[in-house]
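Work through the exercises below with the sequence and the 3D view side by side. Try each task before reading its solution.

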Amino acid sequence: YYNQDTFIYLDGEFVKADQAGTDLFGQSLHYGYGAFEGLRAYSTHHGTRIFKAEEHFERLAYSCNAINLPYQWNARQLVAETYQLLEMNNLRAAYIRPLVFSGSNMHLTSATTSKIMIAAWEWGPYLGQNLLRVCTSKIQRPNPKSFRIDAKVSGQYINAILAASDALKNGYDEALLLDQEGHIAQASSENLFIEKDFKLYTAPLDHVFPGITRETVIDICKALHIEVIEKKLTLQDVHEADSAFLCGTAAEIIGIKEVDHITYKEDWEHTIGATIQRKYKQLVLEEENYEVII
Ligand code: PMP
């Protein structure tokens, strides 16, 4: 992720990544009490462009607010500083990781101070480019009554790590997780869409993380007059679908070949997912006018 020439942004300054640090007596390290984001910059014909940059920084503010972690920055300014960071690291396309973490405090009480760091590095599609083999996980998503599942909070990702690593250990590429009611919610760090009879279905917002890519997919579908139905999905719905795909900033749009060894019959290239995948690429690369599509 970095070498001796890499810069990161740390609380208003650009510093060498290998010389930056934090103290070991903080709630983020001990309790996972931090909030973060994942953005992507693309090398477009108009230069480097971060896709939906302000939306991501606004969600970071929302996540901090959800857990009472002080957030004292301005989205527009952070976007400008992120562009500067990309330039300093000679990155034309990159994955970008802002993290807000608590200052020194070991109490189990709301943080009183916080800092922000932003790092960027080259990263291909998170789950690769081949169709995925996924399984349903024994590990459930956190209960929304015990955790703010709409916030991107560090500690919550232990759930993702456990589910994804269990799937990998068993020879799969990714896991699908059930929500507290036993419905299929999403993958460890991507949202799920299934296609059935030329319509798309995805789990409703109060059961999943509100992915920005999920929203983009819905907007692309609106522009293409493809119906998207938000409803609780059963395992049977997922197994009996015509096709399915995952979406997220890191993974982008990636098709699923099989779920629990049940292979989708539809040839991926002929699915709605494949169309969305092409449109998404055009959008992020600004080959299509954003206003026209959305
Ligand atoms: N679900 C979870 C749990 C995630 O961490 C992410 C990635 N932030 C997503 C879904 C996809 O969200 P987005 O499209 O905003 O990257």
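**Exercise 1. The ligand shell**

How many residues surround the ligand, and which are the closest?

Solution. First, a note on the source. This is a predicted model, in which local features need pLDDT of at least 70, side-chain atom pairs count only at pLDDT 80 or more, and totals for chains, interfaces and linings use all residues. Residues are numbered from 1 along each chain as its sequence is written.

Step 1. Fix the cut-off: a residue is near a molecule or strand if its C-beta atom, placed from the backbone, lies within 6 Å of it.
Step 2. Count: the ligand is surrounded by 14 residues. The closest are F209, G211, T213, G248 and T249.
Step 3. Look for the main contributor. Helix α5 (residues 212-223) gives the largest share of the shell, three residues. Helices (H or I, at least four residues) and strands (E, at least two) are DSSP runs, numbered from the N terminus.
Step 4. Sort by class. Ala, Val, Leu, Ile, Met, Phe, Trp, Tyr, Cys and Pro count as nonpolar, Asp, Glu, Lys and Arg as charged, and the others, Gly among them, as polar. The shell around the ligand then has eight polar, three nonpolar and three charged residues.

**Exercise 2. The whole chain**

Describe the overall build of the chain.

Solution. Step 1. Count the elements: there are eight helices and 16 strands.
Step 2. Test compactness. The radius of gyration is taken over C-alpha atoms, and the globule rule is 2.2 Å times the number of residues to the power 0.38. The chain has a radius of gyration of 19 Å, close to the 19 Å that the rule gives for 294 residues, so it is as compact as a globular protein of that length.
Step 3. Take the extents: the C-alpha trace spans about 50 × 45 × 30 Å along its principal axes.
Step 4. Check burial. A residue is buried if 20 or more other C-beta atoms lie within 10 Å of its own, exposed if 12 or fewer, and partly exposed in between; C-beta atoms are placed from the backbone. Of the 294 residues, 38% count as buried.

**Exercise 3. Two domains**

Find the domains and describe where they touch.

Solution. Step 1. Split the chain into domain 1 (7-121) and domain 2 (132-293). These bounds come from an automatic or database domain assignment.
Step 2. Take the centres over C-alpha atoms: 25 Å separate domain 1 from domain 2.
Step 3. Count the contact: 26 residues come from domain 1 and 13 residues from domain 2. Two residues are in contact if their C-beta atoms, placed from the backbone, lie within 7 Å.
Step 4. List the elements. On the side of domain 1 that touches domain 2, α1 (27-31), β3 (34-36), β4 (39-44) and α2 (53-66) give two or more residues each. The largest share, six residues, is that of α2.
Step 5. Sort this side of domain 1: 11 residues are nonpolar, nine polar and six charged.

**Exercise 4. Strands around β6**

Which residues stand opposite each other where β6 pairs with other strands?

Solution. Step 1. Define pairing: two strands pair if DSSP finds at least two bridges between them.
Step 2. Take β7. β6 and β7 are antiparallel, over eight bridges. Y95 faces W121 in β7, and P98 stands opposite I118.
Step 3. Take β3. It pairs with β6 in the antiparallel sense over three bridges, and G34 stands opposite F101 in β6.
Step 4. Take β4. Three bridges join β4 to β6, again antiparallel. Here L39 stands opposite I96 in β6.

**Exercise 5. A residue in β6**

Why does V100 count as buried?

Solution. Step 1. Place V100 in strand β6 (residues 94-102).
Step 2. Count: V100 is buried because 26 other C-beta atoms lie within 10 Å.
Step 3. Name its contacts. Beyond neighbours within four places in sequence, V100 touches residues including G34, L60, C64 and I116.

**Exercise 6. Positive phi**

Where do F198 and D260 lie, and what is their phi?

Solution. Step 1. Recall the rule: most residues other than glycine have a negative phi.
Step 2. Take F198. Its phi is near 65°. F198 lies in the loop between β11 (191-196) and β12 (199-202). F198 counts as exposed because it has 10 C-beta neighbours inside 10 Å.
Step 3. Take D260. Its phi is about 50°. D260 lies in the loop between β15 (252-259) and β16 (262-263). With 13 other C-beta atoms within 10 Å, D260 is partly exposed.
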